[in-house]
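This briefing introduces a structure to a reader who has not met it before. Please keep the sequence and the model in view while reading.

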Amino acid sequence: MDARLASLLDFAAELQARHDHPSSPRAFAQALGIRLIEGDEDSANAGPPAVVTYNARYGLGRRRFSLWHEMAHVIMGWHGIDADFDTWVGEMDREQLREQAASILAGQLMVPRRVVTDALREHGWTGTAVMHMRTITGMSEPVCLRRLISHEMSGSRAAAVFVDRQVVDLATWNYRIPLRRYERIPEPAHQLEGVRLSRLGKGRVIGLWEE
């Protein structure tokens, strides 16, 4: 299934490139011919016609993420990976894997491949790359952090954000680190093997791991 997920991400990247990487979900939906409808809950139908319903009561940030996520479900239907889930994955795991795939794809839609590539080329495997991605896309730190570590599916990476030496965010991709959210680490540089630390302001540090 990893190969099919990689194929899905390639398929979506081609759609983005074909339409010059629209920066908003509404612009991308218009380019793809996906109809957006206000409603009471989030849902997606690959069609035809393709329709995304979204909860208009959400705040702007959550509503934007929900639109990208539901559009990811539409693209999954077009690609055919949804049919693969129905055929090859047991019913108990099917929905969980489908939502995981949609979240990974939504991350790529929000922070396109070329943005990550440019950030890594200019700043390397550092917290500054995350800041670059935020500046270019306007996306949140958690979104950009997770997008960075999942940029290459075959990679093994992890990231943690520390505020005053406390873990406030944690994300992993094929990598395990001995940390828990809200745990205090008095000396991250000395206590955490293999970590690369970047200071991002008063008491705020991003730690990155890579194999």
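The points below cover the sheets, the helix packing and the salt bridges in turn.

The model is predicted. One open sheet is built from four strands, and another open sheet is built from three. Helix 8 packs on the four-stranded sheet, while helix 3 lies across the strands of the three-stranded one.

**The four-stranded sheet**

- The strands of this open sheet follow the order 5-4-7-6, and their pairing is antiparallel.
- At the edges are strand 5 (166-173) and strand 6 (196-199), each of which pairs on one side only.
- From one strand to the next, the twist averages 15 degrees.
- Strand 6 and strand 7 (residues 204-210) run antiparallel and are joined by four bridges.
- Leu197 has Gly207 of strand 7 as its bridge partner.
- Helix 8 touches strand 4 (157-163), strand 5 and strand 7 as it packs on this sheet, and its direction makes about 35 degrees with that of strand 5.
- Strand 6 and strand 7 form a hairpin with four residues between the strands, in which Gly201 takes a positive phi near 135 degrees.

**The three-stranded sheet**

- Here the order of the strands is 1-3-2, in an open sheet whose pairing is mixed.
- Strand 1 (35-39) and strand 2 (43-45) each have a single partner strand, so one side of each is left without a neighbour in the sheet.
- The twist in this sheet averages 20 degrees from one strand to the next.
- Three bridges pair strand 2 with strand 3 (residues 51-55) in the antiparallel sense.
- Ser43 has Thr53 of strand 3 as its bridge partner.
- Helix 3 (residues 60-79) lies across strand 1, strand 2 and strand 3, and runs at about 155 degrees to strand 3.

**Packing of helix 7 and helix 8**

- Two packed helices are described by the angle between their axes and the distance between the axes.
- For helix 7 (residues 127-137) and helix 8 (residues 141-149), the angle is about 120 degrees and the axes are 9 Å apart.
- Helix 7 is therefore oblique to helix 8.
- The crossing of helix 7 past helix 8 is right-handed.
- Helix 7 contributes Val130, Met133, Arg134 and Thr137 to the contact, and helix 8 contributes Glu141, Cys144, Leu145, Arg147 and Leu148.
- Of the residues in the contact of helix 7 with helix 8, five are nonpolar, one is polar and three are charged.

**Packing of helix 1 and helix 3**

- Helix 1 (residues 2-18) packs with helix 3 at an angle of about 110 degrees, and their axes are 10 Å apart.
- The two helices, helix 1 and helix 3, are therefore roughly perpendicular to each other.
- On helix 1 the contact involves Arg4, Ser7, Leu8, Phe11, Ala12 and Leu15, and on helix 3 it involves Ile75, Met76, Trp78 and His79.
- The residues in the contact of helix 1 with helix 3 comprise seven nonpolar, two polar and one charged.

**Salt bridges**

- Side chains of opposite charge can pair when their charged atoms come close.
- The count of salt bridges comes to twelve.
- Glu95 and Arg98 meet through their side chains in a salt bridge, at 3.3 Å from N to O.
- Glu95 and Arg98 are separated by about one helical turn, because they are three residues apart in helix 5 (residues 91-110).

Key. Residues numbered from 1 in each chain as written. Predicted model: local features only at pLDDT ≥ 70, side-chain atom pairs only at ≥ 80, totals over all residues. Heavy atoms only, no water. Axes fitted to C-alpha atoms, helices over the stretch in contact; angles between N-to-C directions. Parallel < 35°, antiparallel > 145°, perpendicular 65-115°, else oblique. Left-handed = near helix turned anticlockwise from the far one by under 90°. Contact = heavy atoms within 4.5 Å. Nonpolar A, V, L, I, M, F, W, Y, C, P; charged D, E, K, R; others polar. Pairing = 2+ DSSP bridges. Salt bridge = Lys/Arg side-chain N within 4 Å of Asp/Glu carboxyl O.
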